[in-house]
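The following exercises concern a single protein chain and are to be worked with the sequence and the coordinates at hand. Each task is followed by a stepwise solution.

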Amino acid sequence: MGKLKKVLIFFIVLLLFASCEHSANRGNGDTFISSNTTQNEVIETLASITPNVTTTPTITPNIYDFKFPDNAIYKVGDKNSYILELHKILNKLGLEVSESEVYSTETKRAIIRFQRQYELEQDGIAGPNTLSKIEEVYKISEKSEIVWDDLLLEGFIIGIDPGHQLHSNSELEKVSPYGEETKKKVSSGTQGVYTRVPEYEINLQVGLKLKEELETLGATVIITRETHDVDISNAERAIIMNDANADAVIRIHADGSSNPEVYGMHMLVPSLGCMHNETVEKESEILANALKTTFVEYTGAKLRDNSYRSDITGFCWSTVPVCLIEMGYMSNEAEDKMLVSDEYQNKIVDGLVQGFINYFDNKT
């Protein structure tokens with residue numbers, strides 16, 4: 001034992017002797033040190049003297065009593081520890097997601113499924129109403145108790161063809177496998193008169209956003225290109241969709257005119273006889289009408305009449321329902337500027353997604 005420790009013990013013993021009575025409180029349970037107490041006994045006695053401290057027990061929280069922050073809103077791209085807890089809860093409820101701190105499109109898909117099950121607004125955003133319902137369901141439910149509805153577009157194959165590409169291809173190909181007429185494999189497309197943004201860029205931006213949203217609802221999505229620097233002819237694009245046995249195909253384009261006052265959206269539809277399959281031709285028109293209706297509802301765009309065409313290579317080579325959307329005129333200042341904005345593109349996507357939902361709902 002070190003010298004300092006011995007000295008401390010000596011002074012403590014002196015103090016104890018000065019304050020205690022040799023007679024007898026030992027029977028009362030008090031600690032008693034006498035003059036005959038050895039050094040080792042002193043040490044043992046002092047070690048047994050502990051302060052009267054009440055310790056707080058470790059409490060295991062009830063996993064069914066988790067609470068999100070008030071007014072929390074989580075959406076795709078957000079990252080924090082509460083999102084990790086959200087993922088854990090969704091997994092315990094049977095909605096399988098990767099357990100990370102990032103709110104992904106996988107999370108959005110699970111949230112939409114939850115919202116649909118409990119008749120909440122199906123926006124894929126975990127806001128106060130959705131989170132409150134998740135807390136409520138989590139407290140009373142077990143994974144095995146919940147039978148989840150299918151996603152709205154689960155089981156459907158949807159094709160997206162973002163029109164044009166970085167470089168046009170002036171080589172010729174047949175307009176139809178049934179005739180001899182030829183056209184350029186891929187034309188260059190138009191360009192914003194005011195923004196100077198090429199059409200092929202807008203087409204792909206909208207196409208990729210649409211792909212993500214459709215996949216969130218469970219659809220299998222086939223897209224002809226995910227970059228600008230490709231060389232895929234219009235006939236080849238149609239064949240890609242045929243080989244995938246797509247249930248519906250949308251070809252995404254924007255329009256142009258020599259008259260800057262012309263504006264609005266419209267659909268190009270295969271004319272009867274173009275596809276050599278009347279059933280698919282009529283189904284293509286039904287698809288076009290479903291998509292344009294919700295497009296206009298969500299964007300407020302002016303609706304122009306359908307254009308029925310037999311000279312579109314992507315129609316004539318198709319064996320599945322297909323239509324082509326002209327989202328607006330890039331020769332019109334207002335529409336040109338809207339078409340390049342995220343806000344308007346998101347409205348376009350929301351409208352098209354709802355159009356696909358309505359189209360397949362009417363088929364089942």
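**Exercise 1. The largest cavity**

Task: State which element gives the largest share of the lining of the largest cavity, and describe that lining.

Solution. The model is a predicted one.

Step 1. Helix α7 provides the largest share of the lining, with four residues. Together with α7 (234-244), β5 is an element that gives two or more residues to this lining.

Step 2. The residues around the cavity include Asn234, Arg237, Ala238 and Met241, as well as Val249 and Arg251. Also among them are Asp161, Gly314, Ser318, Val320 and Val322.

Step 3. By class, the lining has five nonpolar, three polar and three charged residues.

Step 4. The space enclosed amounts to about 60 Å³. A search of the whole structure yields one cavity of 30 Å³ or more.

**Exercise 2. The open sheet**

Task: Give the order of the strands in the six-stranded sheet, and explain why one side of each edge strand is left without a neighbour.

Solution.

Step 1. The strand order is β4-β1-β5-β8-β6-β7, in an open sheet with mixed pairing.

Step 2. The edges are occupied by β4 (220-223) and β7 (307-309); each has a single partner strand, so one side of each lacks a neighbour in the sheet.

Step 3. From one strand to the next, the twist averages 25°.

Step 4. One pairing may be followed in detail. Strands β6 and β8 run antiparallel and are joined by three bridges. Leu268 has Leu324 of β8 as its bridge partner.

Step 5. Two helices lie across the sheet strands named here. Helix α6 crosses β1 (157-162), β4, β5 and β8, at about 150° to β5. Helix α8 (residues 278-299) lies across β5, β6, β7 and β8, at about 30° to β8.

**Exercise 3. The packing of α4 and α6**

Task: Classify the packing of α4 against α6 from the angle between them, and identify the residues in contact.

Solution.

Step 1. The two helices pack at about 45°, and their axes are 9 Å apart.

Step 2. Because of this angle, α4 is oblique to α6.

Step 3. On the α4 side, the contact is made by Thr105, Lys108, Arg109 and Ile112; on the α6 side, by Glu212, Glu213, Glu215 and Thr216.

Step 4. Sorted by class, the contact comprises one nonpolar, two polar and five charged residues.

**Exercise 4. The two largest pockets**

Task: Determine which elements line the largest pocket and which line the second largest, and set out the classes of residue in each lining.

Solution.

Step 1. The largest pocket holds about 520 Å³ of space. Its lining has 19 residues, of which Lys108, Gln122, Asp123, Glu213 and Asp350 are the closest to the centre.

Step 2. At least two lining residues come from each of α4 (105-117), α6 (199-216) and α11 (342-363). Helix α11 gives the most, namely four.

Step 3. This lining consists of nine nonpolar, three polar and seven charged residues.

Step 4. The second largest pocket has a volume of about 320 Å³. Of its 17 lining residues, the closest to the centre are His164, Lys183, Ser187, His253 and Ile312.

Step 5. Here β3 (182-186), β5 (248-255), β6 (266-270), α9 (313-316) and β8 (322-329) each contribute at least two residues. The lining of the second largest pocket contains four nonpolar, seven polar and six charged residues.

Methods: Residues numbered from 1 in each chain as written. Predicted model: local features only at pLDDT ≥ 70, side-chain atom pairs only at ≥ 80, totals over all residues. Heavy atoms only, no water. 1 Å grid on protein atoms, 1.4 Å probe; cavity = no way out; pocket = protein on both sides within 12 Å on 5 of 7 lines; lining within 4 Å. Points joined across faces, edges and corners; volume = space filled by probe spheres on them. Nonpolar A, V, L, I, M, F, W, Y, C, P; charged D, E, K, R; others polar. Axes fitted to C-alpha atoms, helices over the stretch in contact; angles between N-to-C directions. Parallel < 35°, antiparallel > 145°, perpendicular 65-115°, else oblique. Contact = heavy atoms within 4.5 Å. Pairing = 2+ DSSP bridges.
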